[in-house]
Amino acid sequence: MTVDIARQGDLAIVTIDNPPVNATSQAVRQVLSDAVRQTSSDPDVRAVVLRCAGRTFVAGGDVTEFDKPPVPPHLPDVIAAIEDADKPWIAALHGSVLGGGLELAMGCHARIGAPATKLGLPEVSLGLIPGAGGTVRLPRLVEADLALDMVATGKPISAERALKAGLIDRIAEGDLLDAAKELARRTTAPRRTLSRPARPPKDPNAFAAEAATLRARARGQNSPVAAVAAIERALELPADAALAAERQDFLELKADPQSKALRRMFFAERQTLKDDPRAAGTARPLAHIGVVGGGTMGAGIAAAALLSGLSVTMVERDADALAAGQGRVGDILDGSLKRGKISPKRHAEIQAVFAGSVDYAALSDADLVIEAVFEDIQVKTTVFKALDSATRPDAVLATNTSYLDVGQIASAVSDPSRVIGLHFFSPAHIMKLLELVVPDRASPDAVATGAALGKRLGKITVLSGVCDGFIGNRIMSAYRREADYMIEDGALPADVDKAMRDFGFPIGVFEMQDLAGLDIAWAMRKRRAATRDPNERYIEIADRLCEQGRLGRKTGKGWYRYSGKTAEVDPEVTALIEAESARKGIVRKPLSDDAIMARILTVMQTEGRAILSEGIAAKSSDIDVVMVNGYGFPRWRGGPMFMAGEM
Ligand code: NAI
């Protein structure tokens, strides 16, 4: 680590060089505060440019210092020293200007950004708020509405938006340092952010409504609520008082178990594949991907691959199905274009590398093929036999099956070592999670290639062994079963859904089933009926609903009845549930929210421990990563295994 001070004419160029992201480690803070002193006392220095070496400006705090007691100089003091300096400090920003990095930049007297710079205060996602003046300085530079949004959601903004909003003063056309020096020459005196008045919202009512929405959306998470309060305070209190209150809140949140859980999740998501011998092979190069089946999943997977720059060939069973599949992909790409995620030029380039066919021969040069056809072992086996002869012998073959035995599917291929599972989540171009399923015979190279694809697509990839439902669906099946027990024991679907929502899930299990449709699970239960253990407790309520044509939202009725999108408790369902309890001689007893969640969590944890002991998952944090990123488990609670550990 270095902080270099170079003289160029009457300018001092202070360069932070602390790879990989120029974090504000203790050593950086120390040398920066020395730099303030040194440049202030040097009569030949008129102004200072603060910049970073490497790929980014300061992108945050030093995560390794997080759980240790803070060592001075503290960041707020360093920033205050810069702001109070009597010579102008110009921040030259490139890459990701995040967290403490943006706070540092806001303490400077002018800011210039490279065109691709992103600026944000993402502390809320780690259970925190900015603790070095971010919530007080930001609403002095930008309108309160934007400040509220940035601090409470943690979402970064572009350089262009930052310029329009007043967060930066200029965007460098050419060389950033040259442009920063030019700006420094034109800046005659320091203009201190804290001496500016706070910028009130354009429309106080809209601001209050947005604040209320953000508070409600937090559903139990503390940091967004604290973030909203901090911005409100910054508009009302003098700067000094607002700064003191911000620091106090920051320290309290840092000690909050929610922040601990979020920080652990941050690391867990980055370590899923680390040291796992199953993925220790060499990834094969990826350029051309095949997707068999263009339904919901196939289309999403194809779109994700195309958007990441890969060529894709889709194979469907007939021309009509192919046209429908290509249409689905087209809709996703059009959506990306409309939302400005891709340019018209990029959109056209992507179309040019997206092919479709009803003939497997079109996959002859594919590097990897993902099958996403109907969830039926016969259909999948036929597809893999066709892939066996149509593809290059070194191409990796993957199935997106939800529950079927990937090892059995691999047996359809002459070289099963090239078969893996790539279990995407719906919508596949949006959901971050990817379960990479590793059958016994899979080669480490095939697994490494699957992992490389996951990385290319920006997914969080978790390895899973072969079992019914892999990690996530296996745990979900277990807690769904428990939820069924609970409604027979005395709860109603609305009770279970409410308890889950209040716990922090975006949606409860019964609402979720109505959304997805009850028919798929019904078909699976019928398939398994013959092999079911007759002594196992079996709840027939869902079967009764399906027999009545109550297949969920798409039929207007399921666990609930629907008027439009609004779910209502249906007395018919309540009567049916009560009748089933009576038929089995169960005396119904109401269950409290706590009792419901205790039962759901216990089942998740028991199943999770079985998954670990069977070696299906390598570490308990992988299970938490799956539940948080695939099943709506509230991130700030850290996942079921983390909660078990804390207890
Ligand atoms: P879907 O029914 O929307 O699409 C299946 C597609 O496969 C259809 O377009 C069909 O024409 C095509 N197809 C069927 N047989 C074919 C064959 N022999 N050759 C070529 N194409 C053929 O189904 P969905 O939901 O996309 O599911 C596909 C797979 O992904 C299943 O294995 C499912 O279990 C799995 N999955 C589904 C998820 C979901 O949320 N829908 C999530 C994760 C996995």
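This presentation walks through a predicted model of one protein chain, from its domains to its core, its ligand shell and some details of its backbone.

Good morning, colleagues. Let me begin with the overall layout. The chain is divided into three parts: domain 1 covers residues 3-255, domain 2 covers 277-464, and domain 3 covers 472-615. Between the C-alpha centres of domain 1 and domain 3 the separation is 48 Å.

Two annotations from UniProt may be set beside this division. An unreviewed UniProt entry assigns residues 288-463 the annotation "domain: 3-hydroxyacyl-CoA dehydrogenase NAD binding". In the model that span is 41% helix and 21% strand, and its end C-alpha atoms are 23 Å apart. The second annotation, also from an unreviewed entry, reads "domain: 3-hydroxyacyl-CoA dehydrogenase C-terminal" and covers residues 469-562. Here the composition is 57% helix and 2% strand, with 30 Å between the end C-alpha atoms.

I turn now to the ligand. Which residues come nearest to it? Of the 25 residues around the ligand, these are Gly 293, Gly 295, Met 297, Glu 375 and Ser 426. Four elements give two or more residues to this shell: helix 12 (296-307), helix 13 (319-338), helix 15 (377-390) and strand 15 (419-424). Helix 12 gives the most, namely three residues. As to chemical character, the shell divides into eleven nonpolar, eleven polar and three charged residues.

Two residues in the helices just named deserve a brief word. Gly 327 is found in helix 13. It has 11 C-beta neighbours inside 10 Å and therefore counts as exposed. Its C-alpha atom is separated by 9.1 Å from that of Gly 294, 33 residues apart along the chain. Gln 378 belongs to helix 15. Because Gln 378 has 8 C-beta neighbours inside 10 Å, this residue too counts as exposed. Between the C-alpha atoms of Gln 378 and Thr 39, which are 339 residues apart along the chain, the separation is 75 Å.

Let us move to the interior. In soluble globular proteins, nonpolar side chains tend to be buried together. In this model the largest nonpolar core has 186 residues, and those with the most contacts inside it are Ile 90, Val 151 and Ile 420. Helix 12 gives the most to this core, with eight residues. Helix 12 is also the element that gives the most to the shell around the ligand.

Consider Ile 420 in particular. Which residues is Ile 420 in contact with, leaving aside its neighbours within four places in sequence? They are Val 396, Ala 398, Leu 436, Val 437, Val 438, Ala 442, Ala 446, Val 447 and Gly 450.

Val 151 leads us to helix 5, where it is one of the buried residues. Why is helix 5 described as largely enclosed by the rest of the structure? The reason is that eight of its ten residues, in the run 144-153, are buried. Those eight are Ala 144, Asp 145, Leu 146, Ala 147, Leu 148, Met 150, Val 151 and Ala 152. They pack against strand 7 (118-120), helix 4 (134-141), strand 8 (157-158), helix 6 (159-165), helix 8 (204-217) and helix 9 (222-236). Just after helix 5 comes Gly 154, with a positive phi of about 80°.

That brings me to the backbone. Most residues other than glycine have a negative phi, and most peptide bonds are trans. The model contains exceptions of both kinds, and I shall take the peptide bonds before the phi angles. Pro 19 and Pro 20 are joined by a cis peptide bond, with omega about 0°. Pro 20 sits in the loop between strand 2 (11-17) and helix 1 (26-41). A cis bond also runs from Pro 72 to Pro 73, where omega is near 0°. Pro 73 lies in the loop between strand 3 (47-52) and helix 2 (75-84).

As for phi, Asp 275 has a positive value near 60° without being a glycine. Asp 275 is placed in the loop between helix 11 (257-270) and strand 10 (288-292). Phe 470, likewise not a glycine, has a positive phi of about 55°. Its loop runs between strand 17 (460-464) and helix 18 (472-489).

Are these two residues buried or exposed? Asp 275 counts as exposed, because it has 9 C-beta neighbours inside 10 Å. Phe 470, with 26 C-beta neighbours inside 10 Å, counts as buried.

Thank you for your attention.

Key. Residues numbered from 1 in each chain as written. Predicted model: local features only at pLDDT ≥ 70, side-chain atom pairs only at ≥ 80, totals over all residues. Near = placed C-beta within 6 Å. Nonpolar A, V, L, I, M, F, W, Y, C, P; charged D, E, K, R; others polar. Core = buried A, V, L, I, M, F, W, Y, C linked by C-beta atoms within 7 Å. Buried ≥ 20, exposed ≤ 12 C-beta atoms within 10 Å, placed from the backbone. Contact = placed C-beta atoms within 7 Å. UniProt positions renumbered as here; feature names shortened; annotations may be inferred. Domains from an automatic or database assignment.
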